[in-house]
Amino acid sequence: MLILTRKLGETIKIGDEISVKIIELGRHFVKIGIEAPRNVKVHREEIYDRIREENILAGKAGDSGLSEAVRLFKARGQAMKKAAQGEPEVDGASDGPVVRKKN
Amino acid sequence: MKVTTRHFGDIEVDEKDLLTFPQGMVGFENHQRFAIIRKPDEEPFEWLQCITLPELAFVVVDPLLVEAAYNFEVDDDTIDLLQLKDPQDVMLRAIVTVRNDVSKMTANLLAPLVINKVEQTACQLILNDSNYSTRYPLFADNAATGS
């Protein structure tokens, strides 16, 4: 492993296209700014690992339990429908992700 | 198109149910072609069957059915990657981790699948700055009451 010492505001270049800048130093953390090409994905390692593990688990799981889940889902849907009757519709309820259209 | 599936043997899949993940999925980067398989008796769940690796199949669900207030922003890189032109074209799915004990079943809300219905492109988006869990309980109220 290459170990370099950097001061606040200084940058490390990795190849031609990636730069890593020290933005802020705290007592127990470092804030880092990363510039990289779009095809280089940048993630916090522990988050990436967690998602990878979950994908592997989910991708190999059997289907036992699924029919029971279907039943529970339907029961819940009916309960919610019942609860919604007589209640005014909540305004501003979530309608999914925000997709910013490019100009 | 004929697809070999993990749970249903060889089945015919409509072209419109095929998806291309240009970057694969986390942990399965080399597999880019998937098919959505719907069985009426399994609604609202669907299968996302890998075409190049028959033993790889995910159960997925609309995350808004799991968490009605689910919300995140799709970044420009993803919009470009999926060739998204209109927010209406987006379809969302969360990967479900199926477990024998149904009260322990979870959905991955930290890394949702963003799908462009029109171009049939998709990716698994990692929500780097969100507090959503990779193991969001599908039946939270159920787990709480222990029923």
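In this predicted model, Glu46(B) stands opposite Val60(B) in strand E6(B). This pair belongs to a partnership between E5(B), residues 46-50, and E6(B), which pair in the antiparallel sense over four bridges. E5(B) and E6(B) form a hairpin, and six residues lie between the two strands. E6(B) also has a second partner: three bridges join E6(B) to strand E8(B), residues 90-97, and here too the strands run antiparallel. Within this second pairing, Val61(B) is found opposite Ala94(B) of E8(B).

E6(B) itself covers residues 57-61 and is mostly covered, with five of its five residues buried. In a regular strand, side chains alternate between the two faces of the sheet. The residues of E6(B) can be read with this in mind: Ala57(B), Val59(B) and Val61(B) point one way, while Phe58(B) and Val60(B) point the other way, and all are buried.

Two residues of this strand reappear when the nonpolar interior is examined. The largest nonpolar core holds 48 residues, and those that touch the most other members are Val59(B), Val60(B), Ala94(B), Val96(B), Val114(B) and Ala122(B). Both chains take part in this core: at least two residues each come from H1 and H2 of chain A and from E4 (33-37), E5, E6, E8, E9 (106-116) and E10 (121-124) of chain B. E9(B) supplies the largest share, seven residues. In soluble globular proteins, nonpolar side chains tend to be buried together. The surroundings of one core member, Val114(B), can be followed in detail. Leaving aside residues up to four places away in sequence, Val114(B) touches Val74(B), Thr78(B), Leu82(B), Val90(B), Leu92(B), Ala122(B), Cys123(B) and Leu125(B).

Attention now turns to chain A, whose secondary structure comes to two helices and four strands. Along the sequence these elements follow the pattern β-β-β-α-α-β. Of the 103 residues in chain A, 9% are buried. Among contacts within chain A between residues at least 6 apart in sequence, 0% join residues at least 24 apart.

How do the two chains meet, and how many residues does each give to the contact? Chain A contributes 34 residues and chain B contributes 47 residues. On the side of chain A that touches chain B, two or more residues come from each of helix H1 (45-60), helix H2 (66-84) and strand E4 (98-99) of chain A. H1(A) gives the most to this side, with 11 residues. By residue type, the side of chain A that touches chain B divides into 16 nonpolar, eight polar and 10 charged residues.

H1(A) therefore deserves a closer look, beginning with its length: at 1.5 Å a residue, its 16 residues should span 22 Å, and the end C-alpha atoms are 23 Å apart, which agrees. The buried residues of H1(A) are Ile51(A), Glu54(A), Asn55(A), Ala58(A) and Gly59(A). These buried residues lie on the same side of H1(A) because they cover an arc of only 125° around the axis. On the other side of H1(A), Glu45(A) and Glu46(A) are exposed. Which strands of chain B help to cover the buried residues of H1(A)? The cover includes E6, E8 and E9 of chain B. This brings the account back to E6(B), the strand in which Val60(B) stands opposite Glu46(B).

Note on methods:
Residues are numbered from 1 along each chain as its sequence is written. Chains are lettered from A and ligands numbered from 1 in the order in which they are written. This is a predicted model: local features need pLDDT of at least 70, side-chain atom pairs count only at pLDDT 80 or more; totals for chains, interfaces and linings use all residues. Two residues are in contact if their C-beta atoms, placed from the backbone, lie within 7 Å. Ala, Val, Leu, Ile, Met, Phe, Trp, Tyr, Cys and Pro count as nonpolar, Asp, Glu, Lys and Arg as charged, and the others, Gly among them, as polar. A residue is buried if 20 or more other C-beta atoms lie within 10 Å of its own, exposed if 12 or fewer, and partly exposed in between; C-beta atoms are placed from the backbone. Two strands pair if DSSP finds at least two bridges between them. A nonpolar core is a set of buried Ala, Val, Leu, Ile, Met, Phe, Trp, Tyr and Cys residues joined through C-beta atoms within 7 Å. The expected span of a helix is 1.5 Å times one less than its number of residues. The arc is that of the directions from the helix axis to the C-beta atoms.
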